[in-house]
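Please look at the sequence and the 3D structure shown here, and then read the report that follows.

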2 protein chains.
Amino acid sequence: MQAPTEDLSTEEKIKEAARKIFLQKGFAGTKIRDIAEEANINIALMNYYFRSKEKLFEAIFQEALYELLGKTLQILNDTNLSFEGKIRAVVANDMAVMRKNPLLPSFVFAEIHTHVEKIVKDFPQIIDTNNLHFAQQHAEGVQLGKYRNIHIDHIFSMMMGMSIQPFLEKPFWEVQYAGQDAEKLFEEFIANHEKIVVEMLLGYLIIK
Amino acid sequence: MQAPTEDLSTEEKIKEAARKIFLQKGFAGTKIRDIAEEANINIALMNYYFRSKEKLFEAIFQEALYELLGKTLQILNDTNLSFEGKIRAVVANDMAVMRKNPLLPSFVFAEIHTHVEKIVKDFPQIIDTNNLHFAQQHAEGVQLGKYRNIHIDHIFSMMMGMSIQPFLEKPFWEVQYAGQDAEKLFEEFIANHEKIVVEMLLGYLIIK
DNA sequence: TTTTGATTTAAACAAATGTTTAAATCAAAA
DNA sequence: TTTTGATTTAAACATTTGTTTAAATCAAAA
């Protein structure tokens, strides 16, 4: 039935299963026996390949974090993109990532408290937002009277918040449109949402 | 040292402790012995008063949900408030609630998956957004060319998302401003954020 | 074919976790 | 004072859970 997993290496099978369960249930809610069952392997193999539940979780969490934030930070530092171009690209990228994996934001933000220090070590830019090329472009634009003068962190919060929220609310969506083609409707909603978010952000930030 | 808890009834002491731990660690991450220790009571008393960990959690979760959404829905149905007034009031209320309890949004959205059906039963309006007075006002305004014609759910997602996001990111904030008066700085940020969010929403939604 | 090392398995282990028990304590009514 | 029922306690219970073990299996090198 699910042939594709058959030819994966044991390590990959474990990772894939762990990712699925961890994202659904979080670290504390995940039992290693659930992962083992999902991956069709013996429990002992988990420790053979990853030493402990915690180590396995860290591997999964780090990948999830990169998936959610890695490309975003890259875009925000891309010197070939304009201020406006970066906003469009970040929102488009975030939406694309979460479309592929709707559980990503709630998983990351639920587990974040237990891992802040480590995340900051891996992604110092998360804290050092002022050093991003995006922030410099914004500051220059403000000087020229092109962009509204607000702290860059407000922009991040608004941009991320508006992009993420529909995925946090997705469970309700699925109840509301159960029976109908909820997935397709959600997909359409997200496509619209992306346009609106960008339009709203640019409309507010760029002074005409 | 923490005298105030002394004169609470046992049931209240348990609830207060449970609330604190559940909000920090979620359902699966919470051990009833942690709650008992926090409340300074015998473990057996938990089951004496609440029958089970799950029942206790449900009591806490429902209160948290009411805290986060109850007033919001009330405002959105308040026929004495204008469309614009509702937006101002909702954002102000959400910010006030989360200022008092910054863990509320991440807790609720992390545990939401396991409780969607129950939530929808308690808050049918969450799904039935079109029947809110707010939605009717919006629809009328659209007809008159006063308000931008987008689906009401986009407005909710944007409004909630922008309000919630700073609190989801708060752990980073605390690392960034550790040592300095992080709480005070965050408080200032939130005050600014509230103004910006309202200004941006109204600027986008109201056609001049 | 034999040997070697990596991989996989079943079983067991110790610790933890939610729950229950039966007895002890307490406070108010009789 | 005695009695009654509610409250609290220490201890025990049965499961669950992450981890380890020692043996079995496998595949490739000698």
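## Surface near strand D

By class, the surface near DNA strand D has 7 nonpolar, 5 polar and 3 charged residues, where near means that a heavy atom of the residue lies within 4 Å of the strand. Here Ala, Val, Leu, Ile, Met, Phe, Trp, Tyr, Cys and Pro count as nonpolar, Asp, Glu, Lys and Arg as charged, and the others, Gly among them, as polar.

This is a predicted model, in which local features need pLDDT of at least 70 and side-chain atom pairs count only at pLDDT 80 or more, while totals for chains, interfaces and linings use all residues. Residues are numbered from 1 along each chain as its sequence is written, chains are lettered from A and ligands numbered from 1 in the order in which they are written, and side-chain values use heavy atoms, with hydrogens and water left out.

## Contacts with strand D

A side-chain N or O atom of Arg33(A) is 2.9 Å from a base nitrogen of DNA strand D, whereas a side-chain N or O atom of Thr10(B) is 2.8 Å from a phosphate oxygen of that strand. Tyr48(B) also places a polar side-chain atom 2.9 Å from a phosphate oxygen of DNA strand D.

## Contacts with strand C

For DNA strand C, a polar side-chain atom of Arg33(B) lies 2.9 Å from a base nitrogen. The backbone takes part as well, with an N or O atom of Ile32(B) 2.9 Å from a phosphate oxygen of DNA strand C, and one of Thr30(B) 3.4 Å from a phosphate oxygen of that strand.

Terms used: Polar contact = N/O pair within 3.5 Å; in protein donor to acceptor, adjacent residues only side chain to side chain.
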